[in-house]
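Biologist: I am new to this one. Can we go through it together, with reasons for each label?

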Amino acid sequence: MNSKTKGIFQILLILLVTAAMGVVAYTGIGAGKRGSAQNIRLGLDLAGGVSVTYEATKENPTAQEMSDTVYKMQKRVENESTEASVYQEGSNRVTVDVPDVEDPQAVLDKLGKAGALEFVLQTDCQIAEDKTATYDKEKVLLDGSMISTAEATTQQDSQTGVAENVVKITFNGKGAKKFGNVTSDHVGEALSIIYDGKEVSSPVIQTAITDGVAIVSGSFDKFSDAEDMAATLRIGALPLELKNIRSNIVGAKLGFTSLETSLYAGLIGFILVIVFMIVMYRLPGAAASLALVLYVAATLLALNALDVTLTLPGIAGVILAIGMAVDANCIIFTRIREELATGKTVRSAIKIGFEKALSAIIDGNVTTLIAAVVLYIKGSGTVMGFAQTLAIGIILSMFTAIFVTRWILYGLVSLGLDNPKFFGVQRERKAINFVGNFKKYIVISGVLFLLCIGGLIFNKVQTGQILNYSLDFMGGSSTSITFDENAQGFDGSGNASADFKTEVTDAVKTAAGVPDAEISDVAGERTLIIRTVDLTEDQQKTVVTAIGEKYGVTKENIEIETISASVSNEMKTDAVIAVIIAAICMLIYIWIRFKNLAFGASSVLALIHDVIVVLMVYAVGSAFISVGSTFIACMLTIVGYSINATIVIFDRVRENRKKAGSRTEVADIVNESITQTLSRSINTSITTLIMVVVLAIMGVDAVRQFAIPLIAGIISGCYSSVCLAGTVWFFLNKISKKKAKSK
């Protein structure tokens, strides 16, 4: 196979693979099949889902019991979706919203079983034919509060060697000790698991179990049977016994329009990124654009295959990953241009360019991947969803940049496109004195910090809160309005039109005198649910009167309840702990890779700087930017973006230090390294900004409130990496050397 034929084969293969993945992603294969993009599960904010409301059977549950129940229920329903939302309603109710499920009734059946879970010796209870159990409560040996988790799995039968379905129960500290005592004292006896007054299973205690992990086996013909029991045990392990009082299917908070405009904005931004890449990098830019198309198709396939639930925070992860995919190409192309400037052939420049860019790409992506893994393991809710999409994007972007782009470039060269003018040659640039201007950067950052502190103090004085917290963070009031059959604005199936939902939302906002509200509808029930800030008793009366007069709705059909924040304090704590652990892990990785703690410390300081700048935007712009669930995603996006940009510069510093002579000033190395990577830093920021700016311009209000702080974070990330990270490292390194000499 000659060179030209090989080039044609390589390009055609990439085009065919890209086209095939695009077809599967967009249209699917076979009759009646939908594309992967259409099959991606969407979150409550984009697609609605199932809503179940429980009420505690205990007459006056404490605030701590309710808080613990909400948090533990959140952890349970994450088995259905990482984007599930759980919040307290009134003083004794818990509402669970699970997004975009294929079989709503199946979810309702699973979540609708939240009774008490108790363990009793079979000899101490009477089991009727319908499995109803009668026993003395004093005979209960363990209860659901002692269970940490339960999961369905498979294992080999010790006697037959055949794989069997089992349920693995893990007890908490108190439960493990108690269970160990029970199993030690009652070997050979059957222990009945009673849930909501009925026998679930009565396994025989084979041996004493002191490690806190029990296996229930022998009664699950299908794996789904084991899964059902595991779900029952998980939900039963709650501080309070709950009963299901209301179940329904709710509409999206943001609605189809939000998703549609976001997709259009994403498409326009993507096209603009491709144009930018081709203009800036010529033929390599075209190659990167093709690889980027393949990357997007692969991402859609992966999101569908891994059953990821996509919400606005998840879209943030995809945006960040696209930025990182472009970033890897920018690093590679800059390296290729530098090699061409030394007189090397195009083929040789491509080979060396990829080799030199590899360490920066791997280090930058691995540090961000570490953050994604930690956030997924330690986080909950939207944090987990963000981590999933980010991790998928990082892995795929690394693959497309390192392998696909290289394959395309070699194919183009084999076709005869090997003239350096198609690639561009790096011009020699005089090093900018970044280290010498460090004091100026400190002043700029200091002003931004003061603005942040001033904004927070001003907000606290004016509103009592340092930030403009949304319903996700603060909770509020939920107004449920059920219209009669003669009401206008509904179709024959009882579903409200978009215009009617807007009209009712405006009516509630006007009556209550509040600026913002979220609306969702109960499918087929002629019911709308409007969430607002907490309403006073007078405001509630005004709403009931106004809605009743305008739409002829009786007072009995308007229910107003106080609801807690869907982002609980525990979830906030999880997010903070996850970010701290991720930062420590990234610092350790950078320390090991660069063999210098100052590199890791400088990276983390630059990261903290960018988080404060984004916080400043939320503080100063609190009048029109609220802090909701996307706030966490925005902060996490900046963490990932900032660390990646800094790593690229540090990689060049490390390389130039090895090449430099003993008399070369460290400050000169830092200045030269930052200058050499400057075009990459700017171009990557521009491509990422293009995506986010288009979202800010075209998106609905919820999207815009997420995009604007992200824009500030991307700009700050570029600034801190270029102007601060390298210079901070220089001074930290200088201090450490002085200390070493003084010893």
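Biologist: What phi does G513 take, just after α14?

Modeller: This is a predicted model. In it, G513 takes a positive phi of about 70°. G513 comes just after α14.

Biologist: How do you know that the length of α14 agrees with a helix?

Modeller: Helix α14 covers residues 498-512, which is 15 residues. At 1.5 Å a residue, α14 should span 21 Å. The end C-alpha atoms of α14 are 21 Å apart, so the two values agree.

Biologist: Which residues of α14 are buried?

Modeller: They are F500, K501, V504, T505, A507, V508, A511 and A512. These residues cover an arc of only 160° around the axis, so they lie on the same side of α14.

Biologist: Why do residues three or four places apart point the same way in an α-helix?

Modeller: Because an α-helix has 3.6 residues a turn.

Biologist: Which residues are exposed on the other side of α14?

Modeller: A498, D499 and T510 are exposed there. Exposed means over 50% relative accessible area.

Biologist: What do the buried residues of α14 pack against?

Modeller: They pack against three strands, β16 (476-482), β17 (518-522) and β18 (527-532), and against α15 (537-551).

Biologist: How do you know that the length of α12 agrees with a helix?

Modeller: Helix α12 has 26 residues, 438-463. At 1.5 Å a residue, α12 should span 38 Å. Its end C-alpha atoms are 37 Å apart, which agrees. The buried residues of α12 are F438, Y441, S445, C452, G455, L456 and N459. G464 follows α12, with a positive phi near 85°.

Biologist: Why is C125 called buried?

Modeller: Buried means under 20% relative accessible area. C125 has 8% relative accessibility, so C125 counts as buried.

Biologist: And what makes C585 partly exposed?

Modeller: Partly exposed lies between the 20% and 50% cut-offs. C585 has 28% relative accessibility, so C585 counts as partly exposed.

Biologist: How many disulfides does the structure hold?

Modeller: Zero. A disulfide needs a pair of cysteine sulfur atoms within 2.5 Å.

Biologist: In what order do the four strands of the open sheet come?

Modeller: The order is β8-β5-β11-β12, with antiparallel pairing.

Biologist: Why do β8 and β12 stand at the edges?

Modeller: β8 (142-143) and β12 (198-201) each have a single partner strand, so one side of each is left without a neighbour in the sheet.

Biologist: How many bridges link β11 and β12?

Modeller: Three, in the antiparallel sense, with β11 covering residues 191-195. I193 stands opposite S201 in β12.

Technical notes
Residues numbered from 1 in each chain as written. Predicted model: local features only at pLDDT ≥ 70, side-chain atom pairs only at ≥ 80, totals over all residues. Heavy atoms only, no water. Helix = DSSP H or I, 4+ residues; strand = E, 2+ residues; numbered from the N terminus. Expected span 1.5 Å × (residues − 1). Buried < 20%, exposed > 50% of the residue type's maximum accessible area, 1.4 Å probe, protein only. Arc of directions from axis to C-beta. Contact = heavy atoms within 4.5 Å. Pairing = 2+ DSSP bridges.
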